[in-house]
Amino acid sequence: MLLGPPGSGKGTLAKFIEEELGLPQLSTGELFRHEMQRRTLLGKMVSRYVTEGLLVPDELVVKVMTRQLSTPRTRRGFVLDGFPRTVGQAKGLDAYLKRRGRPLHGAILLACTPRVLIDRLGGRRVCSQCGANYHLRNVPPKRPGVCDRCAGALTTRMDDRTGTIKKRLEVDRTQSKPLLDYYRARGLLYRLNGDGSGVEVYRRAARLFARRSWLAGVTASRRSPAGREAVA
Ligand code: AMP
């Protein structure tokens with residue numbers, strides 16, 4: 001499970017883990033944006049919260065995520081990105097995992113300096129078609145404004161506009177402490193330096209996984225050469 005404020009790199013790290021270790025990324029934010037784009041009922045229900053940078057109500061988030069966790073692709077493991085965000089959601093998740101007999105390995109807090117967060121969020125661009133993430137300076141597309149993967153148009157997320165960035169960081173500051181206390185009290189909280197490039201942060205995370213032997217059931221089948229090198 002990846003925790004940390006907006007811009008701390010949860011999505012980027014989750015994508016590295018998915019590519020290198022084959023563990024699917026379950027991202028509430030991505031799921032909500034996808035549903036909003038398709039104008040589904042769920043998309044309509046969450047739209048106001050997401051565009052204003054407010055949290056979607058716990059009951060709805062837990063329902064959506066436990067449904068995701070019940071799919072076969074999570075059988076070998078999974079990475080939670082952006083969920084849970086509140087103690088209520090954490091309790092809902094615990095109850096579900098307990099029923100399923102699937103223990104949680106750990107909650108990784110990506111800790112970043114505020115300057116890095118604001119810079120990352122302000123420069124972030126997202127493909128309007130495939131959802132790929134870019135950054136104007138750190139991860140620029142080959143052609144300005146155009147996605148390398150699918151040639152879709154790059155846009156600024158509604159919630160990355162300057163006023164909303166400040167609100168989201170403020171919401172996170174007030175909401176996250178009880179959640180961090182919750183996992184700390186259970187001995188599950190791990191702090192990881194989230195400053196630096198995606199590869200640097202992935203390498204730090206991979207070293208943590210290796211130290212904790214979290215990859216025991218994952219190693220042989222999917223880990224790519226890059227992953228092996230990073231873990232070693
Ligand atoms: P993210 O992509 O994780 O920054 O999430 C974008 C937006 O989706 C947030 O600002 C919230 O409005 C909503 N959201 C994502 N995850 C959650 C969650 N676990 N609980 C409530 N709202 C969420």
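**Ligand shell and local geometry of the predicted model**

In the ligand site, a polar side-chain atom of Arg168 is placed 3.0 Å from an oxygen atom of the ligand. The structure described here is a predicted model. Two further arginines make comparable entries in the list of polar contacts: an N or O atom in the side chain of Arg33 is 2.9 Å from an oxygen atom of the ligand, and for the side chain of Arg157 the corresponding separation from an oxygen atom of the ligand is 3.3 Å. The ligand taken alone exposes 470 Å², of which the protein buries 95%.

The surroundings of the ligand comprise 17 residues, and those that come nearest are Thr28, Arg33, Leu54, Gly82 and Gln89. By residue class, the shell around the ligand consists of eight nonpolar, four polar and five charged residues. At least two residues of this shell are supplied by helix 2 (28-37), and at least two by helix 3 (41-52). The most is given by helix 2, which provides four residues of the shell.

Helix 2 and helix 3 are joined by a loop in which Arg39 is located. The phi angle of Arg39 is near 55°, a positive value in a residue other than glycine. Most residues other than glycine have a negative phi, and most peptide bonds are trans. A departure from the trans form is found between Phe83 and Pro84, which are joined by a cis peptide bond with omega of about 0°. Pro84 itself belongs to the loop between strand 3 (79-81) and helix 5 (87-100).

Aromatic contacts were also examined. A pair of aromatic rings is described by the distance of the centres and the angle of the planes. With ring centres required to lie within 6.5 Å, the count comes to four aromatic pairs. One of them is formed by Phe16 and Tyr202, whose ring centres are 5.6 Å apart and whose planes meet at 15°; the pair is therefore stacked. Because Phe16 lies in helix 1 (residues 10-21) and Tyr202 in helix 8 (residues 198-212), this pair ties together parts that are 186 residues apart in sequence.

As to confidence, the protein chain has an average pLDDT of 89, and 94% of the residues score at least 70. Over residues 223-232, however, the pLDDT is below 50. In the model, this stretch has 17 contacts beyond near neighbours in sequence.

Notes
Residues numbered from 1 in each chain as written. Predicted model: local features only at pLDDT ≥ 70, side-chain atom pairs only at ≥ 80, totals over all residues. Heavy atoms only, no water. pLDDT = per-residue confidence, 0-100. Contact = heavy atoms within 4.5 Å. Near = heavy atom within 4 Å. Polar contact = N/O pair within 3.5 Å; in protein donor to acceptor, adjacent residues only side chain to side chain. Areas by Shrake-Rupley, 256 points an atom, 1.4 Å probe, with all protein chains shown as cover. Nonpolar A, V, L, I, M, F, W, Y, C, P; charged D, E, K, R; others polar. Phe/Tyr/Trp six-rings, centres within 6.5 Å; stacked < 30°, edge-to-face > 60°.
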